[in-house]
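Here is a short briefing on one protein structure. Look over the sequence and the 3D view, then work through the points below.

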Amino acid sequence: MEGTTLTDDFIYNNLDKISHLRYEVITDKSSSYHDSLFKIIIIGDTGIGKSCILKRLVENEFKEDYDVTVGVEFGSFLIKIEDKILKLQIWDTAGQESFRSITKIFYRGAHAAIMGFSITRRDTYENMNDWLKEAKASCSPDVLLFQVGNKSDLENQREVSFEEGLRFKKQNDILYFQETSAKSGENIDKMFIDVAKFIYLKYKDQMHKMIDDETSSQNSKTNSGTTTPGGSYGNQVKVQHLRNKLRESQGRSNGSGGNGGCSC
């Protein structure tokens, strides 16, 4: 990010709109109460570190060799903004072309999409146009679009300049762009805090109705015994069903796409 300053970040990421919002990250893993639930998807080529970003955010951990995602993974992030507790349910989708037709179903209902690339691989940056088209085609028209360039710790292997990433953001009217490192944790929390703030800003006037709907949903699940720690039972069933379908598909295609690691 050479040549840029915090002031630049404040301007190009529209931070003047959200800087006044008070926030508190809720780190108590046993806490499950939230006023509103929002769905976030992370999309991009395989190997750019999407799973590592999610693991760093949710567990504050990093694995040097991370298995390629089969289908989807999801994790939760609780944050209090002003007087409301938001639960971000974050979905990490498989980047392999062979999985696209199945993982697209998880675009539905997304409030925000984070499109990622690796600063060390120009091809992942060039493919951002395809991911942008897919997000616009598969998500609702008012989905919030964010952009992340991961692996900023590997500066000596950089193939995509910060200025190029910023140019893509501006040319495509993307709300926000950040470079991150899942390995060091640089800007991971900051990015998701900012994402949460932008979501709150967009939906705060609708929050009362959303809180009523979410309260009814939580009460219904509690009464029926279908909730589980760390995520809803329904989502776990969807993920397992999807993984089974993908493994069957892999078995029919000479075992391709399921192995390998991700240097995040």
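At 15% relative accessibility, Glu164 counts as buried, because the cut-off for buried is under 20%. Keep in mind that this is a predicted model. Glu164 has a charged partner, Arg122, and that pair is a good place to start.

**Salt bridges**

- Arg122 and Glu164 form a salt bridge, with their closest N and O atoms 2.8 Å apart.
- Arg122 lies in helix H4 (residues 122–126) and Glu164 lies in helix H6 (residues 162–171), so the pair ties together parts that are 42 residues apart in sequence.
- Arg122 counts as partly exposed, at 26% relative accessibility.
- Salt bridges that share partners also join Asp9, Lys190 and Asp194 into one network.
- Asp123 meets Arg121 in another salt bridge, at 3.1 Å from N to O.
- Asp123 is partly exposed, with a relative accessible area of 36%.
- Arg121 is partly exposed too, with a relative accessible area of 27%.
- Asp83 forms a salt bridge with Lys84, and here the closest N and O atoms are 3.2 Å apart.
- Lys84 counts as buried, at 14% relative accessibility.
- How many salt bridges are there by this rule? The count comes to 11.

**Helix H6 and Phe162**

- Phe162 is found in helix H6, the helix that also holds Glu164.
- Is Phe162 buried or exposed? Phe162 counts as buried, at 2% relative accessibility.
- Phe162 and Gly149 are 13 residues apart along the chain, and their C-alpha atoms are separated by 8.4 Å.

**Helix H5: two sides**

- Helix H5 spans residues 128–138, and its Met128, Trp131, Leu132, Glu134 and Ala135 are buried.
- Why do these buried residues share a side of H5? They cover an arc of only 165 degrees around the axis, which puts them on the same side.
- An α-helix has 3.6 residues a turn, so residues three or four places apart point the same way.
- Lys133, Lys136 and Ala137 are exposed, on the other side of H5.

**Helix H2: covered up**

- Helix H2 spans residues 50–59, and 9 of its 10 residues are buried, so H2 is largely enclosed by the rest of the structure.
- Which residues of H2 are buried? They are Lys50, Ser51, Cys52, Ile53, Leu54, Lys55, Arg56, Leu57 and Val58.
- Note that charged residues, including Lys50, Lys55 and Arg56, are among the buried residues of H2.
- Asn60 comes just after H2 and takes a positive phi of about 55 degrees.

**Strand S2 and its partners**

- Strand S2 (residues 36–44) is mostly covered, with 8 of its 9 residues buried.
- S2 pairs with strand S5 (residues 84–93) in the parallel sense, over 7 bridges.
- Lys39 stands opposite Gln89 in S5.
- S2 is also joined to strand S6 (residues 112–118) by 5 bridges, and these two strands run parallel.
- Which residue of S6 is the bridge partner of Gly44? The partner is Gly116.
- In a regular strand the side chains alternate between the two faces of the sheet.

Notes. Residues numbered from 1 in each chain as written. Predicted model: local features only at pLDDT ≥ 70, side-chain atom pairs only at ≥ 80, totals over all residues. Heavy atoms only, no water. Buried < 20%, exposed > 50% of the residue type's maximum accessible area, 1.4 Å probe, protein only. Helix = DSSP H or I, 4+ residues; strand = E, 2+ residues; numbered from the N terminus. Arc of directions from axis to C-beta. Salt bridge = Lys/Arg side-chain N within 4 Å of Asp/Glu carboxyl O. Pairing = 2+ DSSP bridges.
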